[in-house]
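Got the viewer open? Here's a short tour, one selection at a time.

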Amino acid sequence: MIYLKTDEEIELMYQANQLVGQTLGELAKHIAPGVTTLQLDKIAEEFIRDHGATPAFLGYNGFPGSLCTSINDQVVHGIPSSKAILTEGDIVSIDCGTFLNGFVGDSAYTFCAGEVSPEVKDLLKTTKESLYVGIQNAVEGRRIGDISNAVQVYCESKGYSVVRELVGHGIGKHMHEEPEVPNYGRRGYGSLLRSGMCICIEPMINLGKRNVVFESDGWTVRTKDRKCSAHFEHCIAIRPDGPQILSSFKFIEENLGSNAI
């Protein structure tokens, strides 16, 4: 069942999502070669709690971290670890969630550790662009498939592949609500977009083929061909006058400066 949010509830969701953006912005100051993903996780948890919220991912279905930290060929759900050390030229996709005032915030950004190859940087740029292409199609009266198809067509036209096994989702008082929001599909299909719907659009795009492998830790998903994958995510609300982005990359990009994607 799709739960439509009131204006007041959307404002609370905005606050939860802005805190996610601020947390990712704080992490942007620390991402560099030599840093472990566990260090980043501790920074995030402390920042979230200091701002009166709790990490939405920590303990969710048993997940052991406050962040999902996925390096290079890891698509999503990488577990923070003291053994996962960023090296020069790595990329790391960081997915972060907060629980504040009864609602969940959720957003993701793929960062560069040092100088990244032009080929990988182009992947990140296209993935981020496809997110906004999808958002442009998140209009009242259209359907989920319009968002999905827009992301797919944009990325495949650039020579990249779209992960099929993992999708975006509705969001609100719970992390995952209906409807699912795939990054592939047909226009005119799927749930009708109605004012008050809140969804997470999150392209997961591979440099190589779309096939993925689920690792034995029960969480980490990586590309089968071991080529890099990128992940960007915004939480949005469907509004009568167009989509409202509830999350933010502003705090991230202020701290990254010229290194922002």
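Which residue in S9 is the bridge partner of His 169? Select Cys 200: that's the one. Bear in mind as you click around that this is a predicted model.

Stay on Cys 200 and look across to S14, where Cys 235 stands opposite. Now show the strands as cartoons. S9 (residues 198–201) pairs with S14 (residues 234–239) in the antiparallel sense, over four bridges. With S7 (residues 168–170), S9 also pairs in the antiparallel sense, over two bridges.

Turn on the side chains of S9. Cys 198 and Cys 200 point one way, Ile 199 and Ile 201 the other way, and all are buried.

Next, go back to His 169 and bring up the largest pocket, with about 440 Å³ of space. His 169 is among the residues closest to the centre of this pocket, along with Tyr 60, His 77, His 176 and Glu 202, out of 23 that line it. S7 and strand S8 (177–181) are the elements that give two or more residues to this lining. Colour the lining by class and you'll get ten nonpolar, six polar and seven charged residues.

Now hop to the second largest pocket, at about 190 Å³. Its lining includes Phe 111, Cys 112, Lys 121 and Leu 256. Here strand S5 (103–113) and helix H5 (250–256) each give two or more residues.

Last stop: Ser 148 in helix H4 (residues 144–157). Is Ser 148 buried or exposed? Its relative accessible area is 1%, so Ser 148 counts as buried, the cut-off being under 20%. Leaving aside neighbours within four places in sequence, Ser 148 is in contact with Pro 182, Asn 183, Tyr 184 and Gly 185.

Methods. Residues are numbered from 1 along each chain as its sequence is written. This is a predicted model: local features need pLDDT of at least 70, side-chain atom pairs count only at pLDDT 80 or more; totals for chains, interfaces and linings use all residues. Side-chain values use heavy atoms; hydrogens and water are left out. Buried means under 20% relative accessible area, exposed over 50%, partly exposed in between (1.4 Å probe, protein chains only). Contact means heavy atoms within 4.5 Å. Two strands pair if DSSP finds at least two bridges between them. On a 1 Å grid over the protein atoms alone, a cavity is a set of points where a 1.4 Å probe fits but cannot get out, and a pocket is an open set with protein on both sides within 12 Å along at least five of seven lines; lining residues have an atom within 4 Å of a point. Grid points are joined across faces, edges and corners, and a volume is the space filled by probe spheres set on the points. Ala, Val, Leu, Ile, Met, Phe, Trp, Tyr, Cys and Pro count as nonpolar, Asp, Glu, Lys and Arg as charged, and the others, Gly among them, as polar.
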